[in-house]
Amino acid sequence: MTYIQGFVTAVPTANRQAFVEHARKAAELMREFGASRVVDAWGVDVPDGKVNDFKGAVAAKADETVCFGWMEFPDEAAAKACFDKMMSDPRMREIGDMPFDGKRMIFGGFEPLMDEGAAVEGGYVDGFVIPVPAGKREAFRDMALTAWPMFRDHGATRDVEAWGVDVPRGTVTDFFRAAHAEDGEHVVFAFLEWPDKETRDAGMKAVMEDERMATMPPEMPFDGKRMIFAGFEVV
């Protein structure tokens, strides 16, 4: 198992290339300081929700695109050491200013409940933020493990469902507000990886038609109306 540092950001659409370049430079340092993997993905299918959605999560404006990303570490201590080194390394200043409003970036540390499959370079990601009652942690994990073989058999390469363990409250935005989390609920940061969007679209359709869907629990261990999701292209 790894430790996941997850992020969601609103980036001016015109700044896409600047965002990609900034992310690549930062990723080089992150890997040097202990990150085993760094992923940044650009929103390409970000739907409006009736209750909440990714756009509202980061107060995205009409001319901004929602981006979803994460860093993987061997454990929480390695993540903390990485960020401590980055904050004191003069090369961080050389990377330049962030091409987005950092005050609206939401972030947190998450411990995987499950990590199935294998990572792929590039590809397409379905990202999720889900409010789950503390007492339903294991029920959520069991549900995810039951669903994974269907996604795997229809083209998904990896499924990670991670439980919030260090999720700070923000003054403008944060993961709790994004999920409209209630007292006693934790935030789950999750993602499905696919080789490309075409495989994902066909795979999702096949999953919905899979007869094994009938074996899923009749009631989800969370409020599905407050689950937010979107599709992202890895950059």
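Me: Why does cysteine 67 count as buried?

Reply: In this predicted model, cysteine 67 has a relative accessibility of 2%. Buried means under 20%, so cysteine 67 falls in that class.

Me: What makes cysteine 82 count as buried?

Reply: The relative accessibility of cysteine 82 is 0%. Since the limit is under 20%, cysteine 82 is therefore buried.

Me: Why is cysteine 82 in no bond with the closest cysteine sulfur?

Reply: The closest cysteine sulfur to that of cysteine 82 belongs to cysteine 67 and is 20 Å away. A disulfide requires two sulfur atoms within 2.5 Å, so this distance is too far for a bond. A search of the whole structure finds zero disulfides.

Me: What makes phenylalanine 68 and phenylalanine 232 a stacked aromatic pair?

Reply: By the pairing rule, the count comes to 15 aromatic pairs. In the pair of phenylalanine 68 and phenylalanine 232, the centres are 5.1 Å apart and the planes stand at 25°. Centres must lie within 6.5 Å for a pair, and planes under 30 degrees apart count as stacked, so both conditions are satisfied.

Me: Which parts does the pair of phenylalanine 68 and phenylalanine 232 tie together?

Reply: Phenylalanine 68 lies in strand β3 (residues 64–73) and phenylalanine 232 in strand β8 (residues 228–234), so the pair links parts 164 residues apart in sequence. Both phenylalanine 68 and phenylalanine 232 are buried. They also belong to one aromatic cluster, whose members include Phe54, Trp70, Phe110 and Phe191.

Me: How do you know that arginine 169 lies over the face of phenylalanine 176?

Reply: Arginine 169 is at 3.8 Å from the ring centre of phenylalanine 176. The distance limit for a charge over a ring is within 6 Å, and arginine 169 is assigned to the face of phenylalanine 176.

Me: How does the span of helix α5 compare with the one expected?

Reply: Helix α5 (residues 137–153) has 17 residues and reaches 25 Å from its first C-alpha to its last. The expected value, at 1.5 Å a residue, is 24 Å, to which the span is close.

Me: Where in α5 does the kink lie?

Reply: A kink of about 30° is found at alanine 147, shortly before proline 149. Just after α5, glycine 155 takes a positive phi of about 115°.

Me: What makes methionine 143 buried?

Reply: Methionine 143 lies in helix α5. Its relative accessible area is 13%, and the limit for burial is under 20%, so methionine 143 is buried. Other buried residues of α5 include Phe140, Ala144 and Trp148. Among the elements covering the buried residues of α5 are β4 (106–117), β5 (124–133) and α7 (197–209).

Me: Which residues does methionine 143 touch, not counting those up to four places away in sequence?

Reply: Methionine 143 touches Met216, Pro217, Met220, Pro221 and Phe222. Methionine 143 and proline 221 are 78 residues apart in sequence, while their C-alpha atoms are 8.1 Å apart in space.

Me: Why is alanine 59 called partly exposed?

Reply: Alanine 59 has a relative accessible area of 39%. Partly exposed covers values between 20% and 50%, so alanine 59 belongs there. Alanine 59 lies in the loop between α2 (54–57) and β3, and has a positive phi of about 50° although it is not a glycine.

Me: Why does histidine 180 count as partly exposed?

Reply: At 37% relative accessibility, histidine 180 lies between the limits of 20% and 50%, and is therefore partly exposed. Histidine 180 is placed in the loop between α6 (175–178) and β7. Although not a glycine, histidine 180 has a positive phi of about 50°.

Notes: Residues are numbered from 1 along each chain as its sequence is written. This is a predicted model: local features need pLDDT of at least 70, side-chain atom pairs count only at pLDDT 80 or more; totals for chains, interfaces and linings use all residues. Side-chain values use heavy atoms; hydrogens and water are left out. Rings of Phe, Tyr and Trp (its six-membered ring) pair if their centres lie within 6.5 Å; planes under 30 degrees apart count as stacked, over 60 as edge-to-face and the rest as tilted. Helices (H or I, at least four residues) and strands (E, at least two) are DSSP runs, numbered from the N terminus. Buried means under 20% relative accessible area, exposed over 50%, partly exposed in between (1.4 Å probe, protein chains only). A charge sits over a ring if NZ of Lys or CZ of Arg is within 6 Å of the ring centre and within 35 degrees of the ring normal. The expected span of a helix is 1.5 Å times one less than its number of residues. The bend at a residue is the angle between axes fitted to the seven residues ending there and the seven starting there. Contact means heavy atoms within 4.5 Å.
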